[in-house]
Amino acid sequence: MSILVGRTTHVLVQGLTGHEGTFHTQSMIDYGTDVRAGVTPGKGGARHLGRPVFDTVAAAVRSEPIDVSIIFVPARAAADAIMEAAEAGIGLVVCITEGIPALDMARVKAFLRERPARLIGPNTPGIISPGQTKIGIMPGPIHQPGPVGVVSRSGTLTYEAVNQLTLHGLGQSTALGIGGDPIVGLSFVDALRMFEADPETKAVVLIGEIGGSAEEEAAALVGRGFTKPLIGYIAGLTAPPGRRMGHAGAIMSAAHGTAAQKIELLESAGARVVRNPARIGEAVASVLSGRT
Amino acid sequence: MRIHEYQAKRLLAGFGVPVPRGEVVETPAEARAAAESLGGTVILKAQIHAGGRGKAGGILRVEGPAAAAAAASRLLGRPLITPQTGPQGRIVRRLLVEEPVAIARELYVGVVLSREAARPVLLTSPRGGVDIETLALTEPDLILRQPVSPSAGLLGFQARNAAFGLGLSGAAFDRAGALFAGLVRTFMETDASLVEINPLAVTTAGELVAADAKMDFDDNGLFRHPDIKALLDPDEEPSEELEAARAGLSFVRLDGDVGCMVNGAGLAMATMDLIALAGGRPANFLDVGGGVSEDSVRQAFLILAADPGVRSALVNIFGGIVRCDLVARGIVRAARERGVRIPVVIRMEGTNVELGREILADSGLPFVSEPDMERAAREAVRLAKAPGGPR
């Protein structure tokens with residue numbers, strides 16, 4: 001089991017024929033992901049990486065069974081690509097693109113409210129259910145199937161945490177990034193609810209960072225009753241207020257969105273929050289062994 | 001990206017928001033001429049990217065052209081120190097010379113992007129002239145928040161809600177609708193992340209005037225606005241941050257002495273935190289990004305090595321898409337070019353890590369290779385504190 005994506009998920013790639021799209025799609029195919037087709041406007045009718053290319057998402061879904069679309073188009077066109085996928089009825093859209101203007105994302109969120117599509121990202125490494133499917137840009141080999149759900153706002157820091165889990169012999173049910181931008185689709189709360197409902201997930205690792213209130217909302221959910229052990233790490237205790245730390249969403253004021261505040265709320269809700277990012281795997285191992 | 005008050009006022013005026021008559025000057029002679037054309041008594045306002053200018057002596061009311069020239073010569077070319085500038089202050093290079101506004105009441109009006117609502121929000125408060133974040137903590141009920149539809153913009157009833165909430169009546173009420181609409185359009189049509197008029201003055205004549213203005217922009221939206229990108233004042237940005245941005249890197253200067261270079265923003269913050277946990281102080285945030293090239297690694301390393309405050313450096317790379325061998329080559333190239341003044345601890349993990357470590361070892365350069373992230377941070381902190389200082 002896993003959340004959102006699994007072995008039988010059929011995948012469409014928007015921006016398949018570009019440099020990024022080609023590189024990462026090849027890596028997804030090598031992992032075993034069922035990539036069915038690609039979309040690049042103007043290249044309809046071609047084949048790329050052995051898959052058919054369509055001009056539009058609407059044409060692709062008429063011809064192929066598609067569950068998820070992953071987007072590798074440049075920032076200026078990415079918001080449009082998300083809405084095109086949602087309009088075509090695709091249930092889950094994963095947007096890898098970094099640098100989409102925040103107002104474009106505000107329009108996307110308003111558009112998605114009227115449609116059933118879920119969005120992961122943007123500015124995310126994507127989602128992987130180890131041993132089943134990889135719909136993203138994360139390095140596949142560091143993952144292994146297992147009982148730990150991982151949800152994060154970050155990329156390489158997630159790989160670091162996953163690698164620690166794997167080295168401790170703890171595999172992952174699903175690992176996903178919700179994205180480093182101020183406005184994203186799926187939230188920590190959404191992911192926690194799905195992990196709660198997934199019988200194979202025995203514990204969840206949540207990796208947050210300064211800025212916004214996604215971790216605060218997660219803490220509120222945990223406080224209301226989340227039955228699985230939650231191990232957290234929040235990056236940015238040493239970050240200064242008012243400065244953007246790489247991610248467009250990683251900016252806090254002196255009063256709001258600080259790491260200290262997020263850690264305190266998560267801990268008082270019952271989560272185990274580690275201060276040392278090198279000890280995430282160790283903490284999960286000790287929590288899980290304490291329960292069994 | 002942030003701009004100056006005078007630039008924000010010009011943008012707002014273009015969207016129909018009333019601002020005081022004024023001129024931007026760079027010399028005392030220009031200040032004298034501006035005071036003459038504005039009618040004698042004027043306000044001089046130091047143009048720096050920091051708040052708290054009034055109390056710091058950066059906003060002066062002067063009587064007549066001669067006094068304007070004298071005050072301008074005291075302000076221009078000198079640092080102005082406010083609670084937001086840090087102890088070194090900011091050099092004042094320009095003054096905004098404005099006609100005085102006869103203020104009866106001071107209000108607050110602003111538009112910010114709300115992450116929670118995923119849309120812009122119009123904020124209004126009858127308590128103008130104070131910091132809105134402070135007000136939000138002390139008297140949140142005095143702030144009216146209205147989400148704005150990203151497609152429909154500000155609606156008529158929302159403008160009325162705001163105007164009634166501010167206690168406006170008569171001519172001021174009538175003018176407020178256009179002002180709020182102009183404010184929201186300024187935000188939406190320039191991809192701003194903040195537009196703030198604080199205070200919005202109600203004059204003794206019942207007019208509304210933007211007595212101050214502040215604007216920040218979404219960096220991701222700037223590609224649509226070359227005119228706004230051109231408003232960037234390089235004197236207001238730390239030079240190494242601009243240099244890093246040109247190389248596609250994300251750099252923020254901090255006040256510690258352990259430099260770091262990391263791939264990925266989250267891991268970069270985590271690395272800073274690890275340095276602090278080991279008893280040290282990070283000198284910077286530096287994310288080389290996901291699509292990094294050998295040359296951008298080289299430039300990142302040069303920026304780190306050039307900082308005189310850095311006593312040791314920690315490189316932390318988790319290779320995914322970024323290959324460790326490419327990072328190692330970039331570091332070796334930079335070190336051969338400029339020499340290695342400081343001890344450098346390198347932690348690499350992931351794609352092609354063996355090849356990367358080999359390249360570092362074969363270089364003959366005095367790097368400390370440490371595969372464990374926590375031990376690497378401790379070692380970098382120990383080296384920064386070691387007596388004798390950098391080589």
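**Reasoning from a predicted two-chain model**

Reader: Why is Leu4(A) called buried?

Author: In this predicted model, Leu4(A) has 23 other C-beta atoms within 10 Å. The term buried requires 20 or more such atoms, so Leu4(A) meets the criterion and is buried. Leu4(A) belongs to the segment before β1 of chain A. Its phi is positive, about 65 degrees, although the residue is not a glycine.

Reader: What makes Leu49(A) partly exposed?

Author: Leu49(A) has 16 other C-beta atoms within 10 Å. A residue is buried at 20 or more and exposed at 12 or fewer; the count for Leu49(A) falls in between, and therefore Leu49(A) is partly exposed. Leu49(A) is situated in the loop between β3 and β4 of chain A. Leu49(A), although not a glycine, also has a positive phi, about 55 degrees.

Reader: How do you know that β3(A) and β4(A) are paired?

Author: Pairing requires at least two bridges between the strands. β3(A) and β4(A), the latter comprising residues 51–54, are joined by two bridges, so the requirement is met. The two strands run antiparallel, and His48(A) stands opposite Arg51(A) of β4(A).

Reader: What makes β3(A) and β7(A) edge strands?

Author: The open sheet has seven strands in the order β3-β4-β2-β1-β5-β6-β7 of chain A, with mixed pairing. β3 (47–48) and β7 (118–120) of chain A each have a single partner strand, so one side of each has no neighbour in the sheet. Helix α3(A) lies across β1, β5, β6 and β7 of chain A, and runs at about 165 degrees to β6(A). Angles are taken between N-to-C directions on a scale from 0 to 180 degrees.

Reader: Which peptide bonds before proline are called cis, and on what value does this rest?

Author: One is the bond from Gly121(A) to Pro122(A), with omega near 10 degrees. Pro122(A) is found in the loop between β7 and β8 of chain A. Another is the bond joining Asn198(B) and Pro199(B), where omega is about 10 degrees. Pro199(B) is part of strand β10 of chain B, residues 192–203.

Reader: What makes β16(B) a mostly covered strand?

Author: Strand β16(B) spans residues 312–319, and eight of its eight residues are buried. Each of them thus has 20 or more other C-beta atoms within 10 Å, by the criterion for a buried residue. In a regular strand, side chains alternate between the two faces of the sheet. On one side of β16(B) are Ser312(B), Leu314(B), Asn316(B) and Phe318(B), and on the other Ala313(B), Val315(B), Ile317(B) and Gly319(B); all are buried, and both faces are therefore covered.

Reader: How do you know that β16(B) pairs with β14(B) and with β17(B)?

Author: The threshold for pairing is at least two bridges. Five bridges join β14(B), residues 258–262, to β16(B), and seven join β16(B) to β17(B), residues 344–350. Both counts satisfy the threshold, so both pairs qualify. The strands run parallel in the pair with β14(B) and also in the pair with β17(B). Val262(B) stands opposite Asn316(B), and Val315(B) has Ile346(B) of β17(B) as its bridge partner.

Reader: What is meant by calling the unit formed by β16(B), α11(B) and β17(B) right-handed?

Author: These three elements make a right-handed β-α-β unit, in which α11(B) covers residues 324–338. The term means that, with the strands pointing away from the viewer, the path from β16(B) over α11(B) to β17(B) runs clockwise.

Reader: Which residue classes make up the side of domain 1 of chain B that touches domain 2 of chain B?

Author: The domain assignment gives chain B domain 1 (1–20 + 101–237), domain 2 (21–100) and domain 3 (238–385). Eight residues of domain 1 are in contact with 11 residues of domain 2. The side of domain 1 has three nonpolar, one polar and four charged residues. The C-alpha centres of these two domains of chain B lie 23 Å apart.

Reader: How many residues does each chain bring to the contact between chains A and B?

Author: Chain A contributes 47 residues and chain B 44 residues. On the side of chain A, the largest share, six residues, comes from α4(A). By class, that side has 25 nonpolar, 14 polar and eight charged residues.

How values were computed: Residues numbered from 1 in each chain as written. Chains lettered and ligands numbered in written order. Predicted model: local features only at pLDDT ≥ 70, side-chain atom pairs only at ≥ 80, totals over all residues. Contact = placed C-beta atoms within 7 Å. Helix = DSSP H or I, 4+ residues; strand = E, 2+ residues; numbered from the N terminus. Nonpolar A, V, L, I, M, F, W, Y, C, P; charged D, E, K, R; others polar. Domains from an automatic or database assignment.
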